[in-house]
Amino acid sequence: MRSIVFGMPIVSLCFALVVNAQEAVNYPKRRQYQLDRAISKDAKECLDCHRKEHPGLFEDWAASQHAKTNITCIDCHGADKADRDISQGHFEHDKTAIAGVVTPKDCSRCHPDEAKEYARSKHANTLGIVWKIDPWMQQGMNNETERISGCYTCHGSVIEIKNGDIDPKTWPNVGVGRMNPDGSKGSCTSCHTRHRFSLAEARKPEACGQCHLGPDHPQEEIYNESKHGALTSAYRHGYNWDAAPGCWTPGVDYRAPSCAACHMSGSGKVQTTHDVTERISWELQAPLTIRPEEFKPFPAKTNWKTERSKMQDVCRQCHSKRWIESHFLQLDNVVQNYNEEYFKPAKKMLDELYAKKLLTKTPMFDDEFEFEYYELWHYEGRRARMGAAMMAPDYTWWHGFYELKKQLVKLQELREQLIETGRPIRAKNFPGRCTATTPPWRKGGGASHK
Ligand code: HEC
Ligand code: HEC
Ligand code: HEC
Ligand code: HEC
Ligand code: HEC
Ligand code: HEC
Ligand code: HEC
Ligand code: HEC
C-alpha cells in the first residue's frame with residue numbers, strides 16, 4: 001500500500017495499468033505525494049517550504065525508502081540549539097535548529113549496526129592512517145589546494161567550524177574518513193548518496209569506482225576487465241539490484257558479483273558488513289605486502305585466515321573449492337614474486353643510496369630516483385597485485401609485472417649513475433609545498449596551512 005501513496009515503481013505501475021484497464025479502476029496518471037500518516041507540524045513545514053525551494057532535492061527524498069516510512073528532513077537535520085554546527089542563516093526561515101552536516105552518528109540513531117561496523121573500518125579511519133604514513137603530508141610535499149581538491153575529496157576532510165559557521169575549505173565533502181564536528185568519522189553518503197539513500201546504488205560497482213580507480217588503485221578498471229565485470233555489464237539490466245537488505249542472493253539476483261557482493265553484502269553464511277577491512281588477507285596496497293594484522297598504523301583485529309575464509313565462502317556460492325583455492329594460491333605466488341623480485345631489490349638500492357648520502361631522506365620526491373621508486377610500488381606494484389586478486393590478467397602483466405621490470409631496470413641505471421658521478425640531481429625549488437606537516441586535528445595543525 002505504501003508504494004501506491006508514495007510513487008509506485010515504474011514496472012509495477014505499467015503492470016497495474018495493463019491489468020486494470022478491463023476492470024476500469026481509475027489509477028492516477030500523475031504521481032501524488034500525500035503525507036497522511038503522523039508527521040509533526042514542524043516536519044511538515046520543512047517539507048512544504050523545501051518542496052518549493054529545492055524541488056529536485058524534495059523529489060529525490062520523496063522517492064526514497066525513508067519517505068515511504070515517514071522519515072523526514074527533521075529526523076536527520078534536526079539539531080540541538082547548542083550544537084556547534086547548526087546552520088546560522090536558517091533561523092531567518094524557520095525557528096527550528098537544523099544542521100547541514102549529517103553524520104554517521106545521526107544515522108546511527110536508527111542504523112546502529114551499520115554505523116558501528118563502519119566506525120571500525122579502514123574507510124572511517126583513513127585520515128589517521130594517511131597522516132601516519134604518507135610523505136606527501138608528513139613532509140608538506142603538496143599544498144592545501146592540492147590536498148582539498150585531491151586527497152581529501154576521497155579520504156575525507158576535517159570539518160572545521162569557524163565563528164559558528166563551517167569553514168568552506170573543509171565543506172562540502174563526502175570522503176570516506178571525514179572527521180565530523182560531533183566526533184564521528186566518515187560520511188554515509190560516500191556510497192548511498194542523498195536523498196535517495198539507495199541500496200541498489202551502493203551495490204553497483206560505480207559507487208566504489210569514484211575513488212577506486214586510476215594508476216595507483218585501478219580496482220574499477222580491473223573489475224571491468226574481469227570475467228565478473230564483463231558478465232555484470234552484459235546482464236546488469238536483469239540483476240535484481242533492489243533486493244531487500246541482506247537478501248541479495250548469488251545466482252538468483254545476480255550472475256556475477258559486484259564489488260559490494262564480494263566485499264560487503266551478505267552471501268551464504270557470511271554476514272553483510274560495513275567494514276571493508278573484513279574478508280581481506282593481504283595489505284596489497286602497501287610497499288611490502290604484509291598481513292593486515294601486521295599493518296602497524298592500523299592493525300586488523302582478526303586473523304588473516306579467518307578473513308580469507310569469509311571471502312572464500314562468498315566465492316563458494318558459485319565456485320568449487322578447487323577453483324577458489326587455486327585462485328588464492330596464484331594470488332599468493334604473485335605477492336611473493338612482487339615482494340622478492342621487485343620490491344626488496346628496489347628498497348635495498350634506496351637504503352644504500354640514503355646511507356651513501358647520494359639521496360636525502362627528507363624531503364622525499366626531490367630526486368628522480370625517489371619518484372621512480374615510489375611509482376614502482378605505488379603504481380605498477382599495486383596493479384600487479386590487485387590485478388591478480390581480482391582476476392585481471394592485463395593489469396597483472398602489461399600494467400603490472402611488465403612495467404615493474406622496466407622500472408627496476410631504470411632504478412638500477414639511476415643507481416649506477418648516482419654512484420659514478422657522486423652527484424644527485426636534486427630539485428632546488430620543489431613546486432607546491434606547504435608547512436602543514438601535522439594533522440589538522442592536532443593543535444595548530446590546521447592553522448599552519450598556507
Ligand atoms: C520557510 C521556508 C523554510 C522552512 C520552513 C525550512 N527551510 Fe530549510 N532552508 C530554506 C532555505 C531558503 C534554505 C537556504 C537555501 C540555500 O541557501 O540555497 C534552507 C536551507 C536548509 C538546509 C541547508 C543548510 C546548510 O547549512 O547548508 C537544510 C539542511 C534545511 N534547510 C533543512 C530544513 C529543515 C530540517 C526544516 C524543518 C525543521 C527546514 N529546513 C525548514 C527554507 C526553509
Ligand atoms: C536520512 C537522512 C536525511 C533526510 C531524511 C534528509 N536529509 Fe538532507 N542531507 C542528508 C545528508 C547525509 C546530507 C549531506 C550532508 C553531509 O554530507 O553531511 C544532506 C544534505 C542536505 C542539504 C544540502 C545539500 C546541498 O547539496 O546543498 C539540504 C539543503 C538538505 N539536506 C535538505 C533536506 C530536506 C529539505 C529534507 C527533507 C525533504 C532532507 N534534507 C532530508 C541527510 C538527510
Ligand atoms: C529516524 C530513523 C532513521 C534515520 C535517522 C536514518 N534512517 Fe535510514 N532508514 C530508516 C528506515 C525506517 C528505513 C526503511 C527500512 C525498510 O525499508 O525496511 C531506512 C532505510 C535505509 C536504507 C535502505 C534503503 C533501501 O533502498 O532499502 C539506507 C541505505 C539508509 N536507510 C541509510 C541511512 C543513512 C545513510 C542515514 C543517515 C544519513 C539514515 N539512513 C538515517 C530509518 C532511518
Ligand atoms: C580518487 C580518490 C583518491 C585520491 C584523490 C587520493 N586517494 Fe589515497 N587512496 C584512495 C583509495 C581508493 C585507496 C585504497 C587503495 C587500496 O587499498 O588499494 C587509497 C590509499 C591511500 C593510502 C594507503 C593507505 C594504507 O592503508 O596503506 C595512502 C597513504 C593515501 N591513499 C594517501 C593519499 C594522499 C596523501 C593523497 C593526496 C596526495 C591521496 N591519497 C589521494 C583514494 C584516493
Ligand atoms: C563503502 C560504501 C558504503 C558506505 C560508506 C556505507 N554503506 Fe550502507 N550499504 C552499502 C552496501 C553495498 C549495502 C548493501 C548490502 C546488501 O547487499 O545487502 C549497504 C546497506 C545499507 C543498509 C541496509 C541494511 C544493511 O545493513 O544491509 C543500511 C541501513 C545502510 N547501508 C546504512 C549505512 C549507514 C548508516 C552508513 C554510514 C555509517 C553507510 N550505510 C555507509 C555500502 C555502503
Ligand atoms: C570476485 C570478488 C571480488 C570482486 C567482484 C571485487 N573484489 Fe576487491 N578483492 C577481492 C579479493 C579476493 C581481494 C584480495 C583479498 C585478500 O587480501 O585476500 C580483493 C582486494 C581488494 C582491495 C585491496 C585491499 C588491500 O588493501 O589489500 C580493494 C581496495 C578492493 N578489492 C576493492 C574492490 C573494488 C572497488 C571492487 C569493484 C570495482 C572490487 N574490489 C571487486 C575480491 C573481489
Ligand atoms: C569516497 C571514496 C571511496 C568510496 C566511494 C569507496 N572507497 Fe573504498 N577506500 C577508499 C579509501 C580512501 C581507502 C583507503 C583506506 C586506507 O587504507 O587508509 C579505501 C579502502 C578500501 C578497501 C581496503 C580495506 C583494507 O582494509 O585494506 C576496500 C576493500 C574497499 N575500500 C572497498 C570499497 C567498496 C567495495 C566500495 C563500494 C561499495 C568502496 N570501497 C567505496 C575510498 C573509497
Ligand atoms: C555470483 C556468482 C559468483 C561469485 C560469488 C564469484 N564468482 Fe567467480 N565467476 C562467476 C562466473 C559466472 C564466472 C564465469 C565462468 C566462466 O568463464 O564460464 C566466474 C569466473 C571466475 C574466474 C575465472 C576468471 C577468468 O578470467 O577465467 C575466477 C578465477 C573466479 N571467478 C574466481 C572467483 C573468486 C576467487 C570468487 C570469490 C572471491 C568468485 N569468483 C566469486 C561467478 C561468481
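**Two iron sites and a helix residue**

Modeller: In this predicted model, the iron atom of ligand 7 has His 123 (NE2) and His 212 (NE2) as its protein donors, lying 2.0 to 2.1 Å from it.

Biologist: What is the arrangement of the six donor atoms around that iron atom?

Modeller: The arrangement is octahedral, because the angles subtended by the six donor atoms run from 86 to 179°.

Biologist: And where in the chain do His 123 and His 212 sit?

Modeller: The pair links distant parts of the chain, 89 residues apart. His 123 is in the loop between α8 (112-120) and α9, and His 212 is in the loop between α13 and α14 (219-225).

Biologist: Is His 212 buried or exposed?

Modeller: His 212 counts as partly exposed, because its relative accessibility is 32%.

Biologist: How many residues surround ligand 7, and which are the closest?

Modeller: There are 20 residues around ligand 7, and the closest are His 123, Thr 126, Cys 208, Cys 211 and His 212. The shell divides into 11 nonpolar, eight polar and one charged.

Biologist: Which polar distances involve Thr 126 and the two histidines?

Modeller: An N or O atom in the side chain of Thr 126 is 2.7 Å from an oxygen atom of ligand 7. For His 123, a side-chain N or O atom is 2.8 Å from a nitrogen atom of the ligand. A polar side-chain atom of His 212 likewise lies 2.8 Å from a nitrogen atom of ligand 7.

Biologist: Which elements give two or more residues to that shell?

Modeller: They are α9 (126-133), α11 (144-155), α13 (205-209) and α16 (259-263).

Biologist: On to ligand 2, then. What coordinates its iron atom?

Modeller: His 77 (NE2) and His 195 (NE2) coordinate the iron atom of ligand 2, at 2.0 Å. The site is octahedral, with angles of 86 to 179° among its six donor atoms. His 77 is in helix α6 (residues 73-77), while His 195 is in the loop between β2 (165-166) and α12 (199-203), 118 residues apart.

Biologist: How do His 77 and His 195 compare in accessibility?

Modeller: His 77 counts as partly exposed, at 22% relative accessibility. His 195 is buried, because its relative accessible area of 15% falls under 20%.

Biologist: A change of topic: where is Asn 339, and what does it touch?

Modeller: Asn 339 is in helix α18 (residues 321-355) and counts as buried, at 9% relative accessibility. Leaving out residues up to four places away in sequence, Asn 339 touches Leu 288, Thr 289, Lys 344 and Pro 345.

Biologist: Which side chain makes a polar contact with the side chain of Asn 339?

Modeller: That of Thr 289, at 2.8 Å.

Key:
Residues numbered from 1 in each chain as written. Chains lettered and ligands numbered in written order. Predicted model: local features only at pLDDT ≥ 70, side-chain atom pairs only at ≥ 80, totals over all residues. Heavy atoms only, no water. Donors = N, O, S within 2.8 Å, 3.2 Å for Na, K, Ca; no water. Tetrahedral: all angles 85-135°; square planar, octahedral: opposite > 155°, others 65-115°. Helix = DSSP H or I, 4+ residues; strand = E, 2+ residues; numbered from the N terminus. Buried < 20%, exposed > 50% of the residue type's maximum accessible area, 1.4 Å probe, protein only. Near = heavy atom within 4 Å. Polar contact = N/O pair within 3.5 Å; in protein donor to acceptor, adjacent residues only side chain to side chain. Nonpolar A, V, L, I, M, F, W, Y, C, P; charged D, E, K, R; others polar. Contact = heavy atoms within 4.5 Å.
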